[in-house]
Amino acid sequence: MASKLRGDAAQQPTLSRRTAHVRNRAGEKPVECAVCQKKFRYPCDLKVHLRTHTGEKPFECTVCLKKFTKASDLRRHLRTHTGEKPFECTVCQEKFSQASNLRSHLRTHTGEKPFECIVCLKKFSKASDLRSHLRTHTGEKRFECTVCQKKFSYTSHLKTHLRTHTGEKPFECTVCLKKFNDTSNLRSHLRTHTGEKPFECTICQKKFTREDNLKIHLRTHTEETPFECSLSGKV
C-alpha cells in the first residue's frame with residue numbers, strides 16, 4: 001500500500017506538467033481573479049496578479065530598498081545598480097539591461113512603427129513616443145516648472161526650460177566655443193559657420209538659416225501683422 005502511495009506521489013508532478021501543457025496549448029484559463037474577473041492559466045499567476053489589488057510588494061532591493069510586486073521586476077531593477085546589460089543587438093552590438101528596450105531598439109533597424117496615432121495616423125516605433133505625441137492633440141501639459149509654474153507637454157521641454165533658471169549651457173559650438181542651453185539652438189548657430197540655409201520661402205525661394213526667420217519673412221508676402229502696440233493700438 002505504501003509503495004502504491006509513493007508511486008501515486010511520484011506520478012503527481014508528471015500529471016501536473018501534462019495538465020499545464022494542455023492548458024497552454026488550448027489557451028484555457030480556468031483560474032479567475034475574484035476582484036476584477038481577469039483569468040489566468042495557473043494559480044501562481046493569479047497570486048502575482050492579486051498584488052496589484054492589495055498593493056503588496058514582497059521583493060525588496062537590498063541596495064536602495066525599493067520594493068516590487070514580482071521577482072522578475074526586482075531582477076530587472078537590480079541591473080540599474082550593477083550596470084549589467086545582458087541583451088545585445090545582433091545588428092549593431094549595442095547592449096541593453098531589459099529585453100523590452102532591445103525590442104524597441106531593433107525597430108530603429110527594421111523601420112517598424114507599430115504604434116499609430118488614432119487622430120492623425122502618424123506612426124511610432126515606441127508606445128512611449130505615441131503617448132508623448134498624443135499630448136499635442138489633447139493639449140495636456142503634465143510637467144510643471146517648480147520655479148515659475150510654467151507647464152510643458154514633455155519632460156525634455158521642461159528640462160530645457162529649467163536651464164533658463166539655472167543658466168546652464170551644456171552644448172558647446174566646436175568652432176567658436178559659444179555655449180547654448182539646448183541642442184536646437186546649437187544646430188541653428190552652427191549654420192552661421194557652415195552657411196547652410198535649409199528653410200526656403202515657397203513664394204520667392206529666399207532661404208534662411210532659422211525657421212523662425214522664415215516665418216517672419218513670410219509676413220512680407222501675407223502682410224500679416226500679428227503684433228499690436230499696447231499704447232497706440234497700432235499693428
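**Local architecture of the predicted model**

Residues 115-142 are 43% helix and 14% strand, and the end C-alpha atoms of this span lie 22 Å apart. Helices (H or I, at least four residues) and strands (E, at least two) are taken as DSSP runs and are numbered from the N terminus. The model is predicted: local features require a pLDDT of at least 70 and side-chain atom pairs count only at pLDDT 80 or more, whereas totals for chains, interfaces and linings use all residues. Residues are numbered from 1 along each chain as its sequence is written, and side-chain values use heavy atoms, with hydrogens and water left out.

Residues 87-114 are likewise described by 43% helix and 14% strand, with end C-alpha atoms 21 Å apart. Both spans appear in the UniProt annotation "domain: C2H2-type", which comes from an unreviewed entry and also covers residues 31-58, 59-86, 143-170, 171-198 and 199-226. UniProt positions follow the numbering used here, feature names are shortened, and annotations may be inferred rather than shown by experiment.

The secondary structure of the protein amounts to 8 helices and 14 strands. Of the 235 residues, 20% are buried, where buried denotes under 20% relative accessible area, exposed over 50%, and partly exposed the range in between (1.4 Å probe, protein chains only). Contacts, defined by heavy atoms within 4.5 Å, show a local pattern in sequence: among those between residues at least 6 apart, 0% join residues at least 24 apart.

The mean pLDDT, the predictor's confidence in each residue from 0 to 100, is 85 for the protein, and 84% of the residues score at least 70. Over residues 1-15 the pLDDT is below 50, and this stretch has 0 contacts in the model beyond near neighbours in sequence. Where pLDDT is low, the predicted coordinates should not be read in detail.

Helix α3 (residues 71-82) has 12 residues, for which a span of 16 Å is expected at 1.5 Å a residue; the end C-alpha atoms are 17 Å apart, in agreement with that value. The expected span is 1.5 Å times one less than the number of residues. The buried residues of α3 are Asp73, Leu74, His77 and Arg79, and their cover includes β3 (59-60), β4 (67-68) and β5 (87-88). After α3 comes Gly83, with a positive phi near 80 degrees.

Two further buried positions were examined. His49, in helix α2 (residues 43-54), counts as buried because its relative accessibility is 12%. Residues up to four places away in sequence aside, His49 touches Cys33, Cys36, Lys38 and Phe40. Thr209 occupies the loop between β14 (207-208) and α8 (211-222) and, at 18% relative accessibility, is also classed as buried. With the same sequence exclusion, up to four places, Thr209 touches Arg191, Glu196, Lys197, Pro198 and Phe199.

The structure contains 15 salt bridges, each defined as a side-chain nitrogen of Lys or Arg within 4 Å of a carboxyl oxygen of Asp or Glu. One of them joins the side chains of Arg107 and Glu112 at 4.0 Å, N to O. Arg107 is buried at a relative accessible area of 16%, whereas Glu112 is partly exposed at 43%. Glu172 and Lys179 form another, with the closest N and O atoms 3.9 Å apart; Glu172 is partly exposed at 37% relative accessibility, as is Lys179 at 45%.
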